[in-house]
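Welcome aboard, and please have your viewer ready. We will go from stop to stop, selecting a few residues each time and looking at what is around them.

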Amino acid sequence: FVCLFPLQPQLFLSPEPVRPAGILQQNRVFLDFFWDLAKPDQEVRLKAVEDLIQYLRSNNKADELEYTFKRLVDGLAHTRETARPGFSLALGQVLSAFEEVSLQTILNRIKEKHSLQKVKKKLIRNALFGNLFGVLALHQSSRLSKPQVVLGCVQLLQSLSQHRQHLKDLPSKTMMDILTEVTAKLHEVLLSALQTDLASAFSTPEQMQLLLVALQRFPQTLKPKKLKKLLGSTTIINADNIPKLTEVLKKAAHSVKKECVLPAVVLDLLKLSLKEDSFQLFWNKAIVEGMLKQQSGPTHYLSFRLLGSALPLLSVEQLKEVLSGDVMTHYGEHVVSAQKPDRFKLAPEMDTYVSDFLQNCQDSEKQLVVMVAFSSLTNMGYPVVPSVWRVVQHLQPAALQDYVDWLKSMFVQPQLDKLLDFSTRKQKDNQEGKEEKENSIFRLRKWIVSRLTSIIDNHHVKKQEDLVMDVARFVFFHALFSAKKASADVAETKVKLSVPIDEKTRGVLDSAEGAAVNQKRAMGVTADGTMWIYHLVQYAQVLLTQPKSIQSSQPFSPEQRQAWDSMLESVASLKKKSKKDQTAESSAFQQLFLLVGMHLFKDPEELLDIMKDMQSCVDKAQQKTSKKKKKKPEQEHEPEWVEVMVDILLSLLSQPSRHIRQVCKTVFSSICPHVTAAALTAILDVSNTHKVLLCERDDMSDEDGDDSDKDEDDEAEEEDGDEEEDEEEDMEEGEVDQNFRVELMKVLQKQNALVGEDGSSDEDLDDDAMMEMDKKMSVLFSEQKKKTQAKKDEKTKLLKEKTLVRDFKIKVLDLIEVFVARQAGSPLVLSLVEPLLALIDRGMSSGSNQQEQDFLRRAADIFRNQLCRSKVYCKTVGDRQGELHDLLDKMMSKTQKLSDSSVGLYYFSASLYVVKVLRGAPPAADAKEEQTDEKAAENEVCLPQTDRCVTFVSIHPPNQNKQEQQMNRLVAVWDVFPTLKVNMVET
């Protein structure tokens with residue numbers, strides 16, 4: 001600024017006052033407002049508008065106001081796009097604040113400043129936006145009421161609408177905004193100005209939208225006679241105008257190809273068709289026969305979006321018609337084809353349309369129609385909507401009940417003719433009549449089962465307990481029973497199956513049975529405190545007591561039925577005792593009994609022994625005497641009841657059921673205070689990865705013979721992919737080839753078919769000899785092929801078993817995690833440190849597949865985050881101090897030998913944990929004086945050795961060159977044990 005206007009000394013030396021030299025030399029603060037209006041930050045622009053108006057009102061200077069209008073009008077065509085809205089908003093607010101300023105004057109100034117005839121060609125785009133934002137500013141002033149000004153704005157916008165390459169449909173939208181807010185006095189004035197645009201409504205979507213807005217705003221002016229004069233017909237939607245309307249819709253579809261939205265003109269036409277009572281004509285002719293006849297693309301997507309947007313506007317009959325027509329069929333085909341990668345998917349948009357409709361609709365009948373229609377849209381029997389469709393959470397209770405009833409009836413009596421089923425071109429070529437129908441029924445039933453279980457699993461769904469129990473009974477009955485004849489006590493027998501349930505469907509039902517009672521509540525109880533599974537057991541008992549009406553798919557043997565009855569008696573006894581003294585153990589035992597009893601239907605042979613063990617276990621638990629009483633001599637070698645219960649839980653965890661896994665955790669949580677060292681050891685033995693791997697290696701070494709050492713190295717690496725398998729197969733084939741060669745040589749020698757040592761061959765074989773040799777060789781090759789296949793099958797079997805073992809060990813970690821969380825202060829927790837460290841050490845030192853990595857990651861999380869960092873820990877070690885000090889020394893020695901620093905971090909965390917345990921609970925402030933001499937002497941012995949161990953581990957980490965890691969360890973020690981800082985620094 002100083003460079004542009006150099007200082008003149010005489011101005012400062014003259015005693016006369018300085019004469020004003022214009023706005024630029026009066027107030028720098030005033031000029032900064034206009035700089036802020038052009039900044040990209042919206043908050044800064046809004047603050048500048050507010051401050052500018054306040055400044056103009058407080059100063060009230062005519063020249064500043066005039067300068068303001070000049071700067072604001074110039075800024076409307078600013079080269080920076082983010083600045084134009086700021087100047088437009090400021091101009092509108094200033095005009096609103098100073099009503100004495102004429103809008104016509106400002107409009108004339110805008111036209112003159114941004115005249116398209118005077119501006120340079122390279123600035124034509126800026127001038128177009130200057131005019132547009134100028135009209136927007138006049139509209140935002142809320143003073144657009146004089147006919148001459150309104151007419152001038154509309155005429156300016158009409159001239160701008162010709163430049164679509166720059167402004168697109170912004171002028172048309174601005175005209176519609178003006179139309180919606182003008183008063184009735186200006187109707188005639190605007191109609192006279194818009195006569196040309198209204199008469200050409202069928203030319204572009206924007207002009208059609210303008211006509212529709214005019215019809216909404218001026219119904220008294222645009223009467224049928226006026227429309228007849230403008231358009232040649234008294235209505236817009238009629239048979240003669242359908243071709244022209246279809247072209248408008250096509251243009252609208254392609255205009256929003258990239259935006260993926262429904263143009264407003266399309267929805268307004270739908271509303272107009274409902275008003276003119278021509279909806280069927282518009283839908284069938286313009287949409288179905290017009291838009292859907294085009295190739296799949298924007299026109300189809302527009303039809304689908306219109307279908308979703310129309311749901312709240314249609315009656316029940318119209319909904320049934322629209323949701324069972326061609327638009328729905330094409331939508332289903334789109335959903336199926338869009339499953340391929342890199343395909344546009346409109347299903348999420350449709351989910352939003354349906355969800356919004358169900359959320360805002362209080363009519364249960366309409367909700368049911370929409371849900372049934374979308375569930376009936378099937379591809380070869382399988383609905384295109386997901387079985388976990390979350391829109392169901394917005395259903396009214398009555399609609400939800402009716403929907404569940406529809407699902408059940410469709411399962412029992414599949415009516416494929418009532419479904420809106422379609423097939424792709426490839427599926428049509430592979431259809432084979434009866435088999436295809438049976439497959440469609442299976443696919444439909446499979447989806448219905450998943451749909452029912454997802455409804456009761458979704459806690460957002462408004463449902464009653466009776467509905468949940470009804471679905472659970474339905475799934476349980478059809479999974480394990482079938483009706484011979486109707487029974488008054490069992491509602492599921494009153495409707496006969498039109499198509500028998502095959503084994504595949506029963507498998508789906510069986511897997512869904514556990515989910516049917518898997519409620520996310522404490523111990524899975526109903527409102528009255530009764531367990532969900534208990535209700536289901538009572539229902540199962542009713543089914544078993546009616547053999548004349550109901551048949552089980554897997555009938556109980558006498559021994560199994562006796563086990564079932566014994567389970568009911570045990571549960572009844574536990575319930576009776578729990579009424580007097582309700583305990584967590586009692587509830588846990590009840591649920592475990594009920595669970596195992598329900599699974600008797602699935603695997604009775606395996607669970608029969610478990611049931612007997614459970615009964616014995618419960619009897620011992622109920623008859624346990626006081627801890628002070630000595631055991632009888634004959635009971636000294638019998639395991640404790642809690643050890644038997646742990647063995648039962650480990651056996652149950654081998655079952656592939658999420659419900660069993662959850663219940664085992666719940667039961668174990670309730671018996672955690674009673675767990676003994678032997679029971680905990682049993683759990684640790686099962687989770688011992690090293691022993692299992694050694695057994696597997698021994699099996700493989702026996703199988704591979706001389707190559708066992710190499711195979712052990714390969715298996716220790718446990719590489720994913722096919723390289724390892726290929727190498728092993730090559731090794732096996734090499735060994736097989738050698739043995740096979742020997743056998744082959746024997747056959748050839750017997751037939752004298754070998755070449756002699758001198759190069760001469762024996763006499764040629766005759767035909768009979770050749771045939772005999774061919775037979776023997778054929779047998780030899782056949783046997784060799786069988787041996788090769790047997791080895792491959794054995795290898796596959798071992799891999800499957802290995803996967804099952806890993807999965808089982810992951811489940812066993814649940815019990816360890818529960819014990820650490822519930823019994824963190826128990827001395828037994830200390831016995832987990834070494835086994836978990838060894839497990840992590842072995843897992844980190846060798847490669848493994850994803851499942852093994854998940855297991856190790858879970859074990860590491862339990863060890864470090866839940867054990868070592870727990871605020872609750874064992875504070876009384878008793879006579880185990882020496883053992884713990886030895887453990888510290890052992891971990892310190894191990895740490896120095898580690899090559900992997902990540903493993904060293906776990907050993908360091910374990911060291912801190914052991915130190916924390918050795919130091920015991922920090923004494924309270926008022927209890928320090930009462931500390932006994934014995935305790936003080938104990939601390940004197942314990943603390944120095946503890947300090948030395950931790951100090952040594954902290955300042956000698958693996959990879960000693962990593963100073964950052966060393967510093968982090970020291971800081972961690974100081975955070976946990978501030979009093980050790982001085983001793984460690986001295987050391």
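The tour starts with the whole chain and then visits single residues, pairs and patches.

**Before you click**

You are looking at a predicted model, in which local features need pLDDT of at least 70 and side-chain atom pairs count only at pLDDT 80 or more, while totals for chains, interfaces and linings use all residues. Residues are numbered from 1 along each chain as its sequence is written, and side-chain values use heavy atoms, with hydrogens and water left out.

**The whole chain**

Show everything as a cartoon. The chain has 45 helices and five strands; helices (H or I, at least four residues) and strands (E, at least two) are DSSP runs, numbered from the N terminus. Of its 987 residues, 46% count as buried. Here buried means under 20% relative accessible area, exposed over 50%, and partly exposed in between (1.4 Å probe, protein chains only).

Now switch on the surface. The accessible surface of the chain comes to about 52800 Å², and 51% of this belongs to carbon and sulfur atoms. Such areas come from the Shrake-Rupley method with a 1.4 Å probe, and for residues only the protein chains shown count as cover.

How much of the contact map joins residues at least 24 apart in sequence? Among contacts between residues at least 6 apart, the share is 74%, where contact means heavy atoms within 4.5 Å.

**Stop 1: two loops with a positive phi**

Most residues other than glycine have a negative phi. Select N60, whose phi is near 55°, a positive value in a residue other than glycine. N60 lies in the loop between α3 (42-59) and α4 (62-75). With a relative accessible area of 61%, N60 is exposed.

Jump next to C260, also a non-glycine residue with a positive phi, near 55°. Look for C260 in the loop between α15 (242-255) and α16 (264-275). C260 counts as partly exposed, at 29% relative accessibility.

**Stop 2: salt bridges**

Side chains of opposite charge can pair when their charged atoms come close. A salt bridge is a side-chain nitrogen of Lys or Arg within 4 Å of a carboxyl oxygen of Asp or Glu. By this rule the count comes to 17 salt bridges.

Begin with K39 and D36, which form a salt bridge with their closest N and O atoms 3.1 Å apart. K39 is partly exposed at 38% relative accessibility, and D36 is partly exposed at 21%.

Then select D74 and K70, whose side chains meet in a salt bridge of 3.4 Å, N to O. Both residues lie in helix α4, four residues apart, about one turn of the helix. Add K113 to the selection: K70, D74 and K113 are linked in a network of salt bridges. D74 is partly exposed, with a relative accessible area of 27%, and K70 is partly exposed as well, with 45%.

Move on to R125 and E81, another salt bridge, at 3.5 Å from N to O. R125 lies in helix α7 (residues 124-140) and E81 in the loop between α4 and α5 (83-97), so the pair ties together parts that are 44 residues apart in sequence. R125 counts as partly exposed at 31% relative accessibility, and E81 counts as partly exposed at 49%.

**Stop 3: charged patches**

Return to the surface view and select K340, R343, K345 and K426, which form a positive surface patch. Patches are made of residues with over 30% relative accessible area and no salt bridge: like charges are joined within 9 Å, and nonpolar side chains (Val, Leu, Ile, Met, Phe, Trp, Tyr) within 5 Å. Lys and Arg count as positive and Asp and Glu as negative, while His and the chain ends are not counted. The place of a charge is taken as NZ of Lys, CZ of Arg, CG of Asp or CD of Glu.

Within this patch, R343 sits in the loop between α20 (326-337) and α21 (347-360). R343 is partly exposed, with a relative accessible area of 40%.

For a negative patch, select E435, E438, D502 and E503. E503 belongs to helix α27 (residues 503-516) and is exposed, with a relative accessible area of 64%.

**Stop 4: a buried isoleucine**

Hide the surface and pick I816, found in helix α38 (residues 767-822). I816 is buried, with a relative accessible area of 1%.

Which residues does I816 touch, not counting those up to four places away in sequence? They are I683, L684, S687, L832 and I862. To finish, draw a C-alpha to C-alpha distance from I816 to A859: the two are 43 residues apart in sequence and 9.1 Å apart in space.
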